[in-house]
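Let's take a walk through this structure together, one piece at a time. Keep the model open beside you and follow along as we go.

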Amino acid sequence: MHLPARTAAVLYDLDGTLVDHDHAARAGVDAWCSSLGLPGNQWDRWSAIERLWFTRFENGEVSHLGQRIERCREFLGRPELSDGEALELYEYYLRVYRANWRAFPDARPSLDNALAAGLKVGILTNGAAAMQQAKMEGTGLWREGMVMCATVELGSPKPRPEAYLGALDRLGVRAAETVMVGDSWANDVEGARRAGLAAIHLVREGVSREPGPSVSSLDEIVWH
Ligand SMILES: [Mg+2]
């Protein structure tokens, strides 16, 4: 793993890295289906639709709000829904999703370790700032001095270089002294390295299919 000789800052991804997004999303979609009288066990389909539309958002093909609307229309098979109707339906899913946020057990110790080592700590996420801030606070992960870098507000999502550069700017550090940590190869490793940062790939389950070293837990990373 090629880490900077002197690390000044670390950028953590949020969903799938610090907070168990899949657990909350699965609870959300199960409750949503049951409230609408739809068949259960639709997690795989929901997850595939989420990936499809979120990637379109990351590619700049649809707005952040737009991907929510389209996910709702496609999942429910109701293309005729107005934007307002889709968002209103989606709100039920979001309520249950929010109620089921939980931090991965290694998240808090890793953040505390980074702060205690004197590093600047940023959260670089493609989610929207208000929701991601609430997620950090609701799971007890938010600490004084951390910087929320939500790309919806920065203007460019990961893996576009502007996302990382915007975060570096907010933290007041250079790419060469910063490490990005996250579970997405494209967004947290490849994109970060292209922007000049070091990066650590977190693969919580299974074996990495990507080249280079990875960690299976944040506990494996010790900040100095
Ligand atoms: Mg992630």
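**A walk through the sheet and its helices**

Strand β4 (residues 178–182) and β5 run parallel, joined by 4 bridges. This is a predicted model, so everything here is read from computed coordinates. To find one rung of this pairing, look at V181, whose bridge partner in β5 is I200. The chain travels between the two strands by way of helix α9 (residues 185–194), and together β4, α9 and β5 make a right-handed β-α-β unit.

Now stay with β5 for a moment. Is this strand mostly covered or mostly open? Strand β5 covers residues 198–202, and 5 of its 5 residues are buried. Both of its faces are covered: A198, I200 and L202 are buried on one side, and A199 and H201 are buried on the other. Beyond β5 comes strand β6 (residues 214–215), which runs parallel to β5 and is joined to it by 2 bridges. Here H201 stands opposite S214, and L202 stands opposite V215.

Step back and the whole sheet comes into view. Its 6 strands form an open sheet in the order β3-β2-β1-β4-β5-β6, with parallel pairing. The edge strands are β3 (147–150) and β6, each of which pairs on one side only. As a reminder of the chemistry, strands of a sheet pair through backbone hydrogen bonds, either parallel or antiparallel.

On the other side of the order we meet β2. This strand is mostly covered, with 5 of its 6 residues buried. Strand β2 pairs with β1 in the parallel sense over 4 bridges, and one place to see this is Y12, whose bridge partner in β2 is I123. Strand β2 is also joined to β3 by 4 bridges, and these two strands run parallel. In that pairing, T125 has A150 of β3 as its bridge partner. Another right-handed β-α-β unit appears here, made by β2, α6 and β3.

Next, the metal site. Which residues coordinate the magnesium ion? They are D13 (OD), D15 (O) and D183 (OD), at 2.1 to 2.2 Å. Along the chain these donors follow the spacing D-x1-D-x167-D. The first two acidic residues differ in how much of them can be reached: D13 has a relative accessible area of 6% and is therefore buried, whereas D15 is at 21% and so counts as partly exposed.

Let's turn to the helices, starting with α8 (residues 161–171). Its buried residues are A163, Y164, G166, A167, L168 and L171. They pack against several elements, including the strands β1 (9–12), β2 (120–125), β3 and β4, and also against the helices α7 (151–154) and α9. Just after α8, G172 takes a positive phi of about 70°. The loop between α8 and β4 holds E177. This glutamate is at 13% relative accessibility and therefore counts as buried. Leaving out residues up to four places away in sequence, E177 touches P4, R6, T7, A8 and A9.

Helix α9 deserves a closer look through A186, which has its place there. With a relative accessible area of 35%, A186 is partly exposed. Apart from its neighbours within four places in sequence, A186 is in contact with P159, Y164 and G191. Y164 is one of the buried residues of α8 that you have already met. For a sense of distance, the C-alpha atoms of A186 and L197 are separated by 14 Å, and the two residues are 11 apart along the chain.

Our last stop is helix α4 (residues 83–99). How far apart are its end C-alpha atoms? They are 24 Å apart, which agrees with the 24 Å that its 17 residues should span at 1.5 Å a residue. There is nevertheless a kink of about 25° in α4, centred on E91. The buried residues of α4 are A86, Y90, Y93, L94, V96 and Y97. What covers them includes α1 (21–35), α2 (43–58), α3 (64–76) and α6 (129–138). You have seen α6 before, as the helix in the right-handed unit with β2 and β3.

Notes
Residues numbered from 1 in each chain as written. Predicted model: local features only at pLDDT ≥ 70, side-chain atom pairs only at ≥ 80, totals over all residues. Heavy atoms only, no water. Donors = N, O, S within 2.8 Å, 3.2 Å for Na, K, Ca; no water. Buried < 20%, exposed > 50% of the residue type's maximum accessible area, 1.4 Å probe, protein only. Expected span 1.5 Å × (residues − 1). Bend = angle between axes of the 7 residues up to and from the residue. Contact = heavy atoms within 4.5 Å. Pairing = 2+ DSSP bridges. Right-handed = clockwise from strand over helix to strand, strands pointing away.
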